[in-house]
Amino acid sequence: MFIKITKKKFDKNYIWHPYTSITKPLKCYLIKNAKGAILKLKNGTNLIDGMSSWWSCIHGYNNSILNKSIKKQLKKISHIMFGGFTHKEAIKLCNNLINITPKKLKCVFLADSGSVAIEIALKMALQYWQSKGEYRKKVLTLKQGYHGDTFGAMSVCDPENSMHNIYKKYLTTHIFAESPKCKFNNIWDKNDINSFKYLISKHSKEIACVILEPIVQGAGGMKIYNPNYLKKVSELCKKYKILLILDEIATGFGRTGKLFAFEHSKIIPDILCLGKSLTGGYMTLSATITTKKIANIISNNKSGCFMHGPTFMGNPLACSVANANIKILNKNKWKKKVKYIENYFKKKLIPLINYDKILDIRILGAIGVIETFNFIDTNKIQRFLINNGVWVKPFRKLIYLMPPFIIKKKELKILINSIINLFK
Ligand SMILES: *Cc1c(COP(=O)(O)O)cnc(C)c1O
């Protein structure tokens, strides 16, 4: 039977939101529409977006180029099974991805979400070893990492502090190195790699792959670490002939000031995972990219196949908007925009370190992080920010900003001022 109550009540009683309970639902706002960096609520409130809908809407909402690409594709074909069919937009996208990533990365697997891209990367690594006649099943990763919510991905998220604590006993156990302490701009402390170095040498014969988030550990703590750390990781993986998977799902497509965060360390992964802003935040799509050599070895196993194939693999609408996203990025205007945001963050946020409540400020590209000493009263702070006309979603001790690259100067000013006012 159709339930007749207000929309808000229906949402509260019958719909799960991310990481919430049905009995104590999270406060949710009814959105009407959005344009550029402005979110318009049903109640008439306008909010400046400081989140890019979780790292994804880098070119803002209702972007005319992205809109056009989907509309054009809609008239041709919205979806087609990728098993037995191919299409122009998928071919163009994979060619684009090969073109904008390091030369070595040449074989692309398209899937439907970031977590699934991680599952695919892990399966590739396991199967790579299987094809070589070795049964390797351990993954070496970092504490405070985040790689998604599906089972394989959960098993490589921080084992203690992560939101997956509840499922810990159901997961495969992997190997966790201490998360890097040496900050992005600090002088490199060579001891920072010790834990990782020790574990990779100790378990080198069991480890199939290393997986980590390059330079920025996102949802696990918003840590921004020294590029030398990643460089050392890459060297150690080469030394022990262990595959290196980089999870660029959050950092990819310009967010850190480079097109991909691993460029800060001038390294090349064996397997690269992309998602989130791959479609400019329009549709759900991910890509796992590897080398021809690894793809060939994977294909040499008994079955001769890589056994994965999501229903919506290579969805034409998603591929077409991803191509439009890359077309916008290739115009290279994003670099100046991200630099402007970075400089503005530095100018306005760094002085906040003098406030008693603030423990640390971290900035890289269009990412600004404020870490407080105490846990944040999320509801209270969010209400304050909404009353000030901005959308930011703090968690634990973190207030973090990652606005769309196209945010206007005056919008950025309002966004930052409302954050500053929190601590006055
Ligand atoms: C969001 C995220 C994922 C998971 O992507 P989903 O599309 O939410 O499944 C994986 N890794 C990182 C680093 C992420 O930020």
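1. Let's start at the surface. K238 is exposed, with a relative accessible area of 57%. That clears the mark for "exposed", which is set at over 50%. Keep in mind that this is a predicted model. As for where K238 sits, look in helix α8. If you want a sense of distance, take T20: its C-alpha atom is separated from that of K238 by 41 Å, and the two residues are 218 apart along the chain.

2. Next, the ligand site. Which residues are around the ligand? Going along the chain, you meet S113, G114 and S115, then Y146, H147 and G148, then E213, and finally D247, I249, A250 and K276. Sorted by class, this shell has five polar, three nonpolar and three charged residues.

3. Some side chains in that shell deserve a look at the atom level. S115 places a polar side-chain atom 2.6 Å from an oxygen atom of the ligand. K276 also has a polar side-chain atom 2.6 Å from a ligand oxygen. With D247, the partner is a nitrogen atom of the ligand, 2.6 Å from an N or O atom in the D247 side chain. As for cover, the ligand on its own has 390 Å² of accessible area, and the protein covers 82% of it.

4. Now to T256, which you'll find in the loop between β10 (243-247) and β11 (271-274). Is T256 buried or exposed? T256 has a relative accessible area of 2%, so it counts as buried; the cut-off is under 20%. The T256 side chain also has a polar partner: it makes a contact of 3.1 Å with the side chain of H264.

5. Who else does T256 touch? Leaving aside residues up to four places away in sequence, its contacts are V216, T251, A261, H264, L364, G365 and I367. H264 is thus on the contact list as well as being the polar partner of T256.

6. Last, helix α7, residues 194-202. Its buried residues include F196, L199 and I200. Why are these three on the same side of α7? Around the axis they cover an arc of only 95 degrees, and that puts them on one side of the helix.

7. What do the buried residues of α7 pack against? Their neighbours are three strands, β5 (138-142), β6 (175-177) and β7 (207-212), plus helix α8 (227-239). That brings us back to α8, the helix where K238 has its place.

Definitions and conventions
Residues are numbered from 1 along each chain as its sequence is written. This is a predicted model: local features need pLDDT of at least 70, side-chain atom pairs count only at pLDDT 80 or more; totals for chains, interfaces and linings use all residues. Side-chain values use heavy atoms; hydrogens and water are left out. Helices (H or I, at least four residues) and strands (E, at least two) are DSSP runs, numbered from the N terminus. Buried means under 20% relative accessible area, exposed over 50%, partly exposed in between (1.4 Å probe, protein chains only). A polar contact is a pair of N or O atoms within 3.5 Å; within protein, one must be able to donate a hydrogen and the other to accept it, and residues adjacent in sequence count only if both atoms are side-chain atoms. Contact means heavy atoms within 4.5 Å. The arc is that of the directions from the helix axis to the C-beta atoms. A residue is near a molecule or strand if one of its heavy atoms lies within 4 Å of it. Accessible areas come from the Shrake-Rupley method with a 1.4 Å probe; for residues, only the protein chains shown count as cover. Ala, Val, Leu, Ile, Met, Phe, Trp, Tyr, Cys and Pro count as nonpolar, Asp, Glu, Lys and Arg as charged, and the others, Gly among them, as polar.
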